[in-house]
Amino acid sequence: MATDVHRPVTAAHAVRVEGLTRSFDGRAVIDRLQLDVRPGEFVALLGRSGCGKSTLLRILAGLDREIEGTVLVPRRKAVAFQAPRLMPWKKVWRNVLLGLPGKPGRQVADKALEEVGLSHRADAWPKTLSGGEAQRASLARALVREPDLLLLDEPFGALDALTRIKAQRLVGELWQRRGCAVLLVTHDVEEAVLLADRVLVMDDGVIAHEERIDLDRPRDITDPRFAEIRGALLERLGVDTAAEAA
Ligand SMILES: Nc1ncnc2c1ncn2[C@@H]1O[C@H](COP(=O)(O)OP(=O)(O)OP(=O)(O)O)[C@@H](O)[C@H]1O
Ligand SMILES: [Mg+2]
């Protein structure tokens with residue numbers, strides 16, 4: 001029988017998951033998974049396509065409750081997906097406020113848009129935004145929720161290389177300024193090592209491997225230790241995924 005235990009966590013954890021199982025058509029995609037995230041910790045989640053990363057993120061976001069086990073997450077959480085999912089009939093600033101409780105004024109949206117460097121597009125229609133701008137609008141929408149936990153599902157996947165680097169830097173800065181916990185799903189091992197305190201590899205429905213990244217920030221990808229950690233993670237992911245992530 002499904003037990004749905006979504007309630008706020010203690011001060012010691014931003015996320016606490018115990019014995020989490022999620023099945024589709026009798027197949028356990030997530031199978032008695034354990035996961036703890038500290039408040040303010042940046043965690044990256046890697047794993048081959050179809051291993052259950054998005055499923056886990058949706059559960060943490062409270063979007064999927066057909067689960068067994070315990071899931072404790074902060075009340076204030078926000079999620080941003082790979083496709084920014086903006087409402088085309090609302091201007092950017094209204095999209096940022098969409099679904100917020102109460103009747104927040106425009107200045108709330110403006111402040112978040114300023115934080116992501118998108119003030120000049122506040123009155124634009126979503127379809128006129130570039131991919132990078134839409135992604136920043138999506139981040140602003142997450143930030144106005146003042147999350148203690150920010151859930152990001154491959155947020156930079158669709159961006160070109162240069163825009164991607166800028167967006168990664170922006171997320172790193174926002175994280176340091178806001179001090180919220182972040183769980184970032186990505187296929188990009190380099191991105192994971194660049195940003196995270198800890199990198200997890202998901203396989204067979206559980207967290208199969210974890211790597212603590214003790215490199216100083218901002219991180220230098222030319223640092224031999226960076227290459228060493230990246231290499232170890234690629235090995236963990238197997239040759240096929242390594243080729244995909246390269
Ligand atoms: N609503 C659903 N109904 C049936 N099966 C589902 C559903 N959602 C996910 N699955 C299955 O669960 C598995 C994990 O899917 P999930 O989207 O979590 O993978 P992922 O790790 O995020 O993959 P990717 O890296 O490709 O995004 C897949 O086999 C998928 O087909
Ligand atoms: Mg996914």
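**Reading the strands and the ligand shell**

Colleague: Leu-20 faces a partner here: it stands opposite Leu-33 in S3. What makes strand S2 and S3 a pair?

Modeller: Bear in mind that the model is predicted. Two strands pair if at least two bridges are found between them. Strand S2 (residues 15-24) and S3 are joined by seven bridges, so they count as a pair. They run antiparallel.

Colleague: How many residues lie between the strands in the hairpin of S2 and S3?

Modeller: Two residues lie between them. In this hairpin Asp-25 takes a positive phi, near 50°.

Colleague: How do you know that S2 also pairs with strand S5?

Modeller: The test is at least two bridges. S2 and strand S5 (residues 68-72) have four, in the antiparallel sense, so they pass. Glu-18 stands opposite Thr-70 in S5.

Colleague: Now the open sheet. What is its strand order?

Modeller: Six strands, in the order S6-S7-S8-S4-S9-S10. The pairing is mixed.

Colleague: Why are S6 and S10 called edge strands?

Modeller: Strand S6 (77-80) and strand S10 (206-212) each pair on one side only. As for twist, neighbouring strands of the sheet are turned by 20° against each other on average, direction ignored.

Colleague: What makes helix H1 a helix that packs on this sheet?

Modeller: Contact means heavy atoms within 4.5 Å. Helix H1 (residues 53-60) touches strand S4 (42-46), S6, strand S7 (149-153), strand S8 (181-185) and S9. Its direction makes about 150° with that of S7.

Colleague: How do you know that S9 and S10 pair?

Modeller: Strand S9 (residues 198-203) and S10 share six bridges in the antiparallel sense. At least two are needed, so they pair. Val-199 stands opposite Glu-211, and the bridge partner of Val-201 is His-209. S9 and S10 form a hairpin with two residues between them. Asp-204 in the turn has a positive phi of about 55°.

Colleague: Which residues are closest to ligand 1?

Modeller: Ser-49, Gly-50, Lys-53, Ser-54 and Thr-55. In total, 13 residues surround the ligand.

Colleague: What makes the approach of Ser-54 to ligand 1 a polar contact?

Modeller: The cut-off for a pair of N or O atoms is within 3.5 Å. An N or O atom in the side chain of Ser-54 is 2.8 Å from an oxygen atom of ligand 1, so the pair qualifies. Two backbone pairs pass as well: an N or O atom of Gly-50 lies 2.8 Å from a ligand oxygen, and one of Cys-51 lies 3.2 Å from a ligand oxygen. The protein covers 60% of the 630 Å² of accessible area that ligand 1 has on its own.

Colleague: Which element gives the most to the shell around ligand 1?

Modeller: H1 does, with three residues. Strand S3 (27-37) and H1 each supply at least two. By class, the shell has three nonpolar, six polar and four charged residues.

Colleague: What is the omega of the peptide bond that joins Arg-217 and Pro-218?

Modeller: Omega is about -5°, and the bond is cis. Pro-218 lies in the loop between S10 and helix H7 (224-245).

Colleague: And where is Glu-146 found?

Modeller: In the loop between helix H4 (131-143) and S7. Its phi is near 45°, a positive value in a residue other than glycine.

Notes: Residues are numbered from 1 along each chain as its sequence is written. Chains are lettered from A and ligands numbered from 1 in the order in which they are written. This is a predicted model: local features need pLDDT of at least 70, side-chain atom pairs count only at pLDDT 80 or more; totals for chains, interfaces and linings use all residues. Side-chain values use heavy atoms; hydrogens and water are left out. Axes are lines fitted to C-alpha atoms, for helices over the stretch in contact, and angles run from 0 to 180 degrees between N-to-C directions. A residue is near a molecule or strand if one of its heavy atoms lies within 4 Å of it. A polar contact is a pair of N or O atoms within 3.5 Å; within protein, one must be able to donate a hydrogen and the other to accept it, and residues adjacent in sequence count only if both atoms are side-chain atoms. Accessible areas come from the Shrake-Rupley method with a 1.4 Å probe; for residues, only the protein chains shown count as cover. Ala, Val, Leu, Ile, Met, Phe, Trp, Tyr, Cys and Pro count as nonpolar, Asp, Glu, Lys and Arg as charged, and the others, Gly among them, as polar.
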